[in-house]
Amino acid sequence: MLTATLVAAGCRGADTPNQGNGEIPAVAQNQTLTVGVATLQQQYADPVLANEGGNTYPIKWSVGEPLIRQDLDMVQVPALATEWSVSDDNLTWDIKLREGVKMHDGSAFTAKDVETSINRVKNPDFTSYQAYFNKIDTVEVVNDHEIRIKTKVPYANLVFDTPAPVATDYYNRVGEEEFRKKPVAAGPFKFDSQVFNESMTLTRFDDFWDTERIPNFANLILKIIPDESSRLSGIQTGQLDIAQGLTPNSAAQLQGNPSLKLITSKQASVANVFFVDNWFPEDSPLKNADVRKALMLAIDRQSIADSLYRGFGSVTVNATLPVTLGNDTSLTAWPYDAAEAKRLLAAAGASDLKFTLHLYNQTTAIADVQKFAEAVIGYWKEVGVDVTMDAMDPATYLDKAVKHQLTGAVVLGTPGLLISDPEKLSIFYTSTGGYSAVKDAELDELFAKLSSTVKRDDQAVIAGEISRKLHATLFGLPVVSLDAVYAVGPKVAEWKVMDGNPYPGPFWYLRAN
């Protein structure tokens with residue numbers, strides 16, 4: 001017997017808009033908008049492949065339309081699925097699909113398009129979907145607008161994680177290789193063309209089911225400009241209409257320019273220091289909770305937010321953010337208290353504490369990351385802690401971090417979009433996490449319980465326990481949260497952005513003048 005329908009359990013339909021009447025917003029004078037992005041990573045045009053990295057999200061969100069999406073508040077809302085239910089053993093999901101939806105080739109969206117997309121990710125090339133597919137037992141098309149998915153284990157995010165449906169007949173006709181070059185899905189934009197390492201062009205899909213997310217302009221060009229100064233120049237000269245990934249210093253140069261506006265996505269990422277010695281069996285002063293507390297109290301985080309990030313950063317309360325399911329809003333931020341930090345270090349016998357702080361020499365997740373690390377180390381030295389900074393190129397650093405080849409402490413950014421799902425924090429806080437800083441039996445048990453719990457309300461309760469434990473134990477220090485900063489030019493009439501999102505897009509509510 002199936003439990004009650006889960007359309008309202010941790011999911012919201014309040015912004016579910018008008019469907020399928022073919023009406024689009026009033027036509028803008030400017031029919032092409034160009035966005036300067038630092039990278040599109042692997043530059044996949046295929047929205048299913050574009051699940052493999054943060055800066056591919058503009059393609060995933062634009063070309064693909066999932067069963068469930070996140071709205072601008074990062075709340076899960078129905079998209080191509082309208083309601084779903086799960087069996088009493090939490091293993092069988094019945095999903096009802098939206099009717100009257102068209103794919104980019106004009107074909108009618110059906111359950112076969114969901115099945116085709118799921119079966120595609122059997123391919124080992126879809127590395128980011130292997131964890132998803134390994135949990136899938138069977139997929140059954142019940143009828144044109146209902147699909148049944150059986151899982152091997154309880155899987156709370158099954159409907160949300162299911163890859164965006166693709167046009168079945170087109171896929172079968174052209175094959176996998178050609179589909180990757182020119183995909184056909186159901187998003188508000190259609191893939192048009194790309195020049196590798198240079199740009200990708202998307203065009204408006206007039207028959208998109210959700211009329212509120214149809215743009216009022218025809219063409220969206222994503223132009224790859226790795227150099228920030230070139231993006232800054234491009235927005236100033238009018239070659240770009242949106243410049244993504246600006247540091248606070250660059251943003252400050254644009255303030256006061258009457259033809260440009262700055263738009264921020266609040267708390268888009270957290271600049272963290274993780275104490276990785278807690279992952280290893282050897283003794284370390286960093287395994288003492290009072291030592292970690294002292295290191296947190298020693299940092300004047302407000303000063304870092306104000307001076308280094310010029311108002312585009314803020315003191316973080318916890319490892320979880322307001323967008324994280326189960327975030328405990330009753331918690332308060334640890335204060336700056338150098339005297340108490342010295343007292344705690346002395347009481348723990350760690351007045352002569354020494355360790356190395358490892359980090360990448362640059363990253364989009366943390367602006368001015370080396371200056372950030374220098375500021376943190378400077379405050380630690382004021383309380384007598386001797387810290388050596390070890391900056392590496394990102395590829396070398398992340399490889400060493402994921403292989404647990406670093407000791408002492410590491411700097412890592414956690415995107416708000418990632419940790420809006422509290423289960424993703426397991427990457428950093430469980431014994432088996434890829435970037436884990438800790439082996440703690442209680443945390444392992446809480447995260448295991450979270451991953452096997454299906455109902456969102458029940459997940460929120462467990463996530464609240466995790467939120468409080470992370471705040472108390474300080475296995476990682478969430479030093480400051482950083483805003484994502486965009487500059488927009490005069491051709492842009494409006495752009496509503498997603499708070500907690502450090503990546504370009506989504507462009508659902510981008511409107512041209």
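Here is a short tour of a few spots in this structure, which is a predicted model.

Let's start with helix α10, which runs over residues 338-347. Three of its residues, Ala-341, Leu-344 and Leu-345, are buried. Because they cover an arc of only 100° around the axis, they sit on the same side of α10. A bit of background helps here: an α-helix has 3.6 residues a turn, so residues three or four places apart point the same way. And what do the buried residues of α10 pack against? The partner is α8, residues 289-297. Go round to the face turned away from the buried side and you'll find Ala-339 and Ala-347, both exposed. Just after α10 comes Gly-349, with a positive phi of about 70°.

Next up are two buried residues, Asp-46 and Arg-456. Under 20% relative accessible area is what it takes to be called buried. Here's how they look side by side:

| Residue | Place | Relative accessibility |
|---|---|---|
| Asp-46 | loop between β1 (32-37) and α1 (57-63) | 0% |
| Arg-456 | helix α16 (residues 456-473) | 12% |

Asp-46 counts as buried because its relative accessibility is 0%. Which residues does Asp-46 touch, leaving aside its neighbours within four places in sequence? They are Arg-120, Phe-179, Arg-180 and Pro-183. With Arg-120 there is also a polar contact of 2.6 Å between the two side chains.

Arg-456, over in α16, counts as buried because its relative accessibility is 12%. Follow the chain and Arg-456 is 300 residues apart from Ala-156, yet in space the two are 7.6 Å apart, C-alpha to C-alpha.

Now for the empty space inside. Rolling a probe the size of a water molecule over the atoms shows where such space is left. How many cavities of 30 Å³ or more does the structure hold? There are 2. The second largest cavity has about 70 Å³ of space. Its lining includes Val-276, Phe-280, Lys-400, Ala-401 and His-404, and Leu-406, Val-410, Leu-412, Tyr-435 and Ser-436 also belong to it. Two elements, α12 (394-402) and β16 (409-415), each give two or more residues to that lining. As for character, the lining residues of the second largest cavity split into 7 nonpolar, 2 polar and 1 charged.

Conventions
Residues are numbered from 1 along each chain as its sequence is written. This is a predicted model: local features need pLDDT of at least 70, side-chain atom pairs count only at pLDDT 80 or more; totals for chains, interfaces and linings use all residues. Side-chain values use heavy atoms; hydrogens and water are left out. Helices (H or I, at least four residues) and strands (E, at least two) are DSSP runs, numbered from the N terminus. Buried means under 20% relative accessible area, exposed over 50%, partly exposed in between (1.4 Å probe, protein chains only). The arc is that of the directions from the helix axis to the C-beta atoms. Contact means heavy atoms within 4.5 Å. On a 1 Å grid over the protein atoms alone, a cavity is a set of points where a 1.4 Å probe fits but cannot get out, and a pocket is an open set with protein on both sides within 12 Å along at least five of seven lines; lining residues have an atom within 4 Å of a point. Grid points are joined across faces, edges and corners, and a volume is the space filled by probe spheres set on the points. Ala, Val, Leu, Ile, Met, Phe, Trp, Tyr, Cys and Pro count as nonpolar, Asp, Glu, Lys and Arg as charged, and the others, Gly among them, as polar. A polar contact is a pair of N or O atoms within 3.5 Å; within protein, one must be able to donate a hydrogen and the other to accept it, and residues adjacent in sequence count only if both atoms are side-chain atoms.
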